[in-house]
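Trainee: I would like to learn how to read a structure of this kind, one feature at a time. Could we look at it together?

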Amino acid sequence: MHISEKNYVKKAENTIDELKDLRNKNNKPIQIATTSQMRNILAMSADIYNRVMVNNGDKLTDEIVGLIEYLKIRIVYEAGRDDKVKNLVEKSEMLQIIDEINGSKKNFILFNHYLEALIAYRKFKGGKEVQ
């Protein structure tokens with residue numbers, strides 16, 4: 001798994017640091033996805049999280065797995081619309097981590113916590129918000 005309970009916070013911090021250090025072809029810093037853009041992804045995940053938390057057992061229902069697949073498509077769409085989001089999705093390995101949820105309640109909860117950590121470090125280290 002790309003993240004674990006022991007490393008997801010550090011991975012989130014490293015991801016934001018790497019994004020802040022990225023430069024374009026003209027050696028200018030790239031813009032980082034805003035916390036608002038990131039919160040939009042988290043909001044979609046939070047709806048699923050609420051369902052997961054009332055789900056009994058360690059395995060997710062087919063309905064919840066379907067919602068996670070839809071979340072992945074929405075993330076891909078948002079990344080296609082905006083290079084700032086695309087950079088975040090690629091650097092954070094978000095799509096690979098979603099694939100690793102693999103019907104596991106524990107893995108989805110970990111993914112959601114990783115999203116929260118990304119947003120926290122973006123807000124803490126990100127500086128000025130620009131759209």
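Mentor: Let us begin with one residue, Asn 107, which lies in helix H6; helices here are DSSP runs of H or I with at least four residues, strands are runs of E with at least two, and both are numbered from the N terminus. Please keep in mind that this is a predicted model, in which local features need pLDDT of at least 70 and side-chain atom pairs count only at pLDDT 80 or more, while totals for chains, interfaces and linings use all residues. Residues are numbered from 1 along each chain as its sequence is written, and side-chain values use heavy atoms, with hydrogens and water left out.

Trainee: Is Asn 107 buried or exposed?

Mentor: The general idea is a scale of relative accessible area, where buried means under 20%, exposed means over 50% and partly exposed lies in between, computed with a 1.4 Å probe on protein chains only. Asn 107 has a relative accessibility of 17%, and therefore it counts as buried.

Trainee: Which residues does Asn 107 touch, if we do not count residues up to four places away in sequence?

Mentor: A contact means heavy atoms within 4.5 Å, and with that rule Asn 107 touches Met 1, Glu 100 and Ile 101.

Trainee: How should I read the loops?

Mentor: Compare three loop residues, beginning with Ala 33 in the loop between H1 and H2, which is buried because its relative accessible area is 2%. Apart from neighbours within four places in sequence, Ala 33 is in contact with Met 38, Lys 84, Val 85, Leu 88 and Arg 122. Glu 93, in the loop between H4 and H5, is partly exposed with 23% relative accessible area, and its phi is near 60°, a positive value in a residue other than glycine. Asn 102 sits in the loop between H5 and H6 and is exposed at 65%; although Asn 102 is not a glycine, its phi is positive, at about 50°.

Trainee: Why does the span of helix H2 agree with its number of residues?

Mentor: The expected span of a helix is 1.5 Å times one less than its number of residues. Helix H2 covers residues 35–54, so its 20 residues should span 28 Å, and its end C-alpha atoms are indeed 28 Å apart.

Trainee: Which helices do the buried residues of H2 pack against?

Mentor: Those buried residues include Ile 41, Met 44, Ser 45 and Ile 48, and the buried residues of H2 pack against H1 (8–21), H3 (62–81), H4 (83–92), H5 (94–99) and H6 (105–125).

Trainee: How is a pair of packed helices described?

Mentor: Two packed helices are described by the angle between their axes and the distance between the axes. The axes are lines fitted to C-alpha atoms, for helices over the stretch in contact, and the angles run from 0 to 180 degrees between N-to-C directions. The axes of H2 and H3 come within 10 Å and cross at roughly 175°. That makes H2 roughly antiparallel to H3, because angles over 145 degrees count as roughly antiparallel, under 35 as roughly parallel, 65 to 115 as roughly perpendicular and the rest as oblique. Among the residues that meet here are Ile 41 and Arg 51 in H2 and Glu 63 and Leu 67 in H3.

Trainee: What is a nonpolar core?

Mentor: In soluble globular proteins, nonpolar side chains tend to be buried together. A nonpolar core is a set of buried Ala, Val, Leu, Ile, Met, Phe, Trp, Tyr and Cys residues joined through side-chain atoms within 4.5 Å. The largest one here has 36 residues, and those with the most contacts inside it are Ile 68, Met 94, Phe 108, Phe 111 and Leu 118. The elements that give two or more residues to this core are H1, H2, H3, H4, H5 and H6, and the largest share, 10 residues, comes from H6.

Trainee: How many aromatic pairs does the structure hold?

Mentor: A pair of aromatic rings is described by the distance of the centres and the angle of the planes. Rings of Phe, Tyr and Trp (its six-membered ring) pair if their centres lie within 6.5 Å, and planes under 30 degrees apart count as stacked, over 60 as edge-to-face and the rest as tilted. The structure holds 1 such pair, formed by Phe 108 and Phe 111, which is tilted with 6.1 Å between the centres and 50° between the planes. Phe 108 and Phe 111 both lie in H6, 3 residues apart, about one turn of the helix, and both are buried.
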